[in-house]
Amino acid sequence: MAANDLALDLEELQQLHTIAKRPRVLSLIYTEIRNLEKLSKDGASVSSSQIPAPVLTAAKVIHKPSLNYVSVSSFSWDQDNDKVKIYLSLEGVDQEKTETDFKPMSFDAKFHDVNGKNYRFSLPKLNREIVPEKCKVLVKPSRVVITLAKASKGNWLDLHYKEDKFKPSLDKEKDPMAGIMDMMKNMYEDGDEEMKKTIAKAWTDARSGKAADPLKRYT
């Protein structure tokens, strides 16, 4: 018997039960109502048992192969008071396939699927701070232009950060003369022949007692 027919029969019997008066009739109607209610419950349980349980499968983990990059070695750069521009000699770059990561003291630029290769140009430590949100990459037919917005106006001596070798050490625990001597060593290493002769003579005079201060002649 269909579920709809059972429901209709049950509804009609319930209506008859409300208007019946004789005890025997009431008992017969009540018994039939119970039978129909049981059939209705059994039909519902059978229907639910026929619904196939979902099959749980383990999620597949997709491992992306690591990409290999060729470092861009051919570039040039210039600057003005507000920004630095870096020019990469790279043809066939798609603007949509570039990936950049600008940070206050570094940046990393990746160029994917350029004539079958992936290229990368990065500076892990810049000369000075930049403003990441104002930096950008512009792709042109024969080159890529990377614009770095300077955080403070001024001239950069280089793209890379470099320690000031001519700045004496300010470590108070060291001998005060040690920092000056380190500075003179750096000056000697980076100086021309005349500078080396002058510094060598200052050291010789200091050792012989002719000059108590090796930098006296420069003050």
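Buried means under 20% relative accessible area, exposed over 50%, and partly exposed in between, with a 1.4 Å probe and protein chains only. The model is predicted: local features need pLDDT of at least 70, side-chain atom pairs count only at pLDDT 80 or more, and totals for chains, interfaces and linings use all residues. Residues are numbered from 1 along each chain as its sequence is written, and side-chain values use heavy atoms, with hydrogens and water left out.

**Exercise 1. Positive phi around β5**

Task: Place Asp113 and Asn115, and classify each by accessibility.

Solution.
Step 1. Strands are DSSP runs of E with at least two residues, and helices are runs of H or I with at least four, numbered from the N terminus. Asp113 belongs to strand β5, whereas Asn115 sits in the loop between β5 and β6.
Step 2. Phi of Asp113 is near 55°, a positive value in a residue other than glycine. Asn115, not a glycine either, has a positive phi of about 55°.
Step 3. Asn115 counts as exposed because its relative accessibility is 67%. Asp113, at 45%, counts as partly exposed.

**Exercise 2. The open sheet**

Task: Give the strand order of the open sheet of four strands, and state which strands stand at its edges.

Solution.
Step 1. Two strands pair if DSSP finds at least two bridges between them. The order is β1-β6-β5-β4, with mixed pairing.
Step 2. β1 (70-71) and β4 (98-103) are the edge strands; each has a single partner strand, so one side of each is left without a neighbour in the sheet.
Step 3. Within this order, β5 and β6 pair in the antiparallel sense over six bridges. Asp108 stands opposite Ser122 in β6.

**Exercise 3. Pairing of β2, β3, β7 and β8**

Task: Trace the pairing from β2 to β3, then to β8 and β7, with the bridges for each pair.

Solution.
Step 1. β2 (residues 75-79) and β3 are antiparallel, with five bridges. They form a hairpin with three residues between them, and Trp77 has Ile86 of β3 as its bridge partner.
Step 2. β3 is joined to β8 by six bridges, again in the antiparallel sense. Here Val84 stands opposite Leu148 in β8.
Step 3. Four bridges link β7 and β8, which are antiparallel. These two strands make a hairpin with four residues between them, and Val139 is opposite Val144 in β8.
Step 4. The faces of β7 can now be assigned: Val137 and Val139 are on the covered face, Lys136 and Leu138 on the uncovered one.

**Exercise 4. The nonpolar cores**

Task: Describe the largest nonpolar core and the surroundings of Leu148.

Solution.
Step 1. A nonpolar core is a set of buried Ala, Val, Leu, Ile, Met, Phe, Trp, Tyr and Cys residues joined through side-chain atoms within 4.5 Å. The largest has 26 residues, and Ile86, Phe107, Phe111, Ile146 and Leu148 have the most contacts inside it.
Step 2. Two or more residues come from each of β3 (83-88), β5 (106-114), β6 (117-123), β7 (136-139) and β8 (144-149).
Step 3. Another core, of seven residues, lies apart from the largest; among its members are Leu6, Leu10, Leu13 and Leu36.
Step 4. Contact means heavy atoms within 4.5 Å. Not counting residues up to four places away in sequence, Leu148 touches Asp82, Lys83, Val84, Ile86, Phe102, Phe107, Leu126, Ile130 and Cys135.

**Exercise 5. Thr147 and Lys134**

Task: Decide whether Thr147 is buried or exposed, do likewise for Lys134, and give the distance from Lys134 to Lys150.

Solution.
Step 1. Thr147 is in strand β8. Thr147 is buried because its relative accessible area is 8%.
Step 2. Leaving aside neighbours within four places in sequence, Thr147 is in contact with Lys83, Val84, Lys85, Cys135 and Lys136.
Step 3. Lys134 is found in the loop between β6 and β7; with a relative accessible area of 60%, Lys134 is exposed.
Step 4. Lys134 and Lys150 are 16 residues apart along the chain, and their C-alpha atoms are separated by 8.9 Å.
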